[in-house]
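Hi everyone, thanks for coming. Please take a moment with the sequence and the model on the screen, and then we'll walk through them together.

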Amino acid sequence: MNTLGININSLIYDNGFQALNRIDLEISNGVFGLLGPNGAGKSSLMKTIAGLQKPTDGRIVFNGEDVVSNPLAIQKHLGFLPQYFGVYPKVSAYDLLDHLAKLKGVVDSQQRKKQILNLLERVNLMDVKYREVHTFSGGMKQRFGAAQALLGSPKIVIVDEPTAGLDPEERNRFNALLSDIAEDMIIILSTHLVEDVRNLCSKMAIINEGTVLAQGTPNEFLSQLSGKVWSKAATRDELSGLESRYQVIGYQLIERVMQVTVCSDECPAGFQRVTPVLEHAYLKCLNSDSI
């Protein structure tokens, strides 16, 4: 079992901007969702976990070793899949994985070949292993990115917005892949897509403005909203009045009719109870700083 303990009191950049504060997380094997809007501090936290920058004040411990003083303690066990995985032109999937495996220290040629073929099979790219990667579809590139992240048998993998831009079928396929590999390693899923966290993560944290606002399991977030979420159709002219009287946690157009969702212990006049979903918990947390 791998363990990652994060206790960052602050990360302040040279220009004085405080990117992180009050980050306290304990993460073990499985998929951990780091959910937050763009600019919430997710990328700053990922870079700090990976040892690319040091917190101004704080500790990160991976499997008992201090990552802040010794970044290699995590880097030699780390796989990373960025949101956009760039590739070399005119290089096949197999040859590019072979090159990346060498860079990751897989020096034995037979071991390297076995690992590459196993990964290509795992991500369902075996039939196109000799195709140039730049010709792949978006979903195929993401699956290739997952394969390169798994080279060298990492113990922790960071994936940054992995399903952005994928169609529903490719998103489901990619999420199934992440779920399959999560049993033996830590996967940190950094995203602003609530659906991916709901589908994949056994534990999650909501981050905004560099601070962890809440953490727990998706079911714990939902249980705290049980019987407290209400919805009604409303016009745009009514919205400001509703916002002044209730805690509005969302509104959306459904068949051109605006549906306003509020959180309240009692049923507001004219509203109907709805079953809470994780997006309700996420929006409530962002709006109130607590669940």
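Let me begin with one short helix, H1. Its buried residues are Lys-42, Ser-44, Leu-45, Met-46, Thr-48 and Ile-49, where buried means under 20% relative accessible area, exposed means over 50% and partly exposed is in between, with a 1.4 Å probe and protein chains only. That is six of the eight residues in H1, which spans residues 42-49, and the helix is mostly covered. After H1 comes Gly-51, with a positive phi near 80°.

A quick word on what we are looking at. This is a predicted model, in which local features need pLDDT of at least 70 and side-chain atom pairs count only at pLDDT 80 or more, while totals for chains, interfaces and linings use all residues. Residues are numbered from 1 along each chain as its sequence is written, and side-chain values use heavy atoms, with hydrogens and water left out. When I say helix or strand, I mean DSSP runs numbered from the N terminus: H or I with at least four residues for helices, E with at least two for strands.

So what does H1 sit on? H1's neighbours belong to an open sheet of four strands, ordered E2-E1-E4-E5, with antiparallel pairing; two strands pair if DSSP finds at least two bridges between them. Strand E2 (18-28) and E5 are at the edges with a single partner strand each, so one side of each has no neighbour in the sheet. H1 packs on this sheet and touches E1, E2 and E4, and its direction makes about 120° with that of E1. Touching, or contact, means heavy atoms within 4.5 Å. For angles, axes are lines fitted to C-alpha atoms, for helices over the stretch in contact, and the values run from 0 to 180 degrees between N-to-C directions.

Let's follow the pairings. E1 and E2 run antiparallel and are joined by nine bridges, with Ile-6 partnered by Leu-25 in E2. Strand E1 (residues 3-12) also pairs with strand E4 (residues 57-62), antiparallel over six bridges, and there Leu-4 is opposite Phe-62 in E4. Phe-62 also stands opposite Glu-65 in E5. E4 and E5 make a hairpin with two residues between them, and Asn-63 in the turn has a positive phi of about 50°.

Now for the other sheet I'd like to show you. How many strands does this open sheet, with its mixed pairing, have? It has six, in the order E6-E7-E8-E3-E9-E10. Strand E6 (78-81) and strand E10 (211-216) stand at the edges with one partner strand each, so each has one side without a neighbour in the sheet. On average, neighbouring strands here are turned by 20° against each other, direction ignored. Within this sheet, strand E3 (residues 30-35) and strand E8 (residues 186-191) pair in the parallel sense over six bridges, and Leu-34 is opposite Ser-190 in E8.

Helices lie across this sheet too. H5 lies across E6 and strand E7 (156-160), at about 165° to E6. Helix H10 (residues 278-288) lies across E3, strand E9 (203-208) and E10, at about 35° to E9.

H5 has a helix partner as well. Helix H5 (residues 138-149) and helix H6 (residues 168-181) pack at an angle of about 10°, with axes 10 Å apart. H5 and H6 are therefore roughly parallel; the cut-offs are under 35 degrees for roughly parallel, over 145 for roughly antiparallel, 65 to 115 for roughly perpendicular, and oblique for the rest. Their contact has four nonpolar, two polar and three charged residues. Here Ala, Val, Leu, Ile, Met, Phe, Trp, Tyr, Cys and Pro count as nonpolar, Asp, Glu, Lys and Arg as charged, and the others, Gly among them, as polar.

Compare that with another pair. The axes of helix H3 (residues 93-103) and helix H4 (residues 109-122) come within 10 Å and cross at roughly 125°, so H3 and H4 are oblique to each other. Their contact has six nonpolar, no polar and four charged residues.

One last stop: Tyr-88, in the loop between E6 and H3. Is Tyr-88 buried or partly exposed? With 48% relative accessibility, Tyr-88 counts as partly exposed. Beyond its neighbours within four places in sequence, Tyr-88 is in contact with Leu-96 and His-99.
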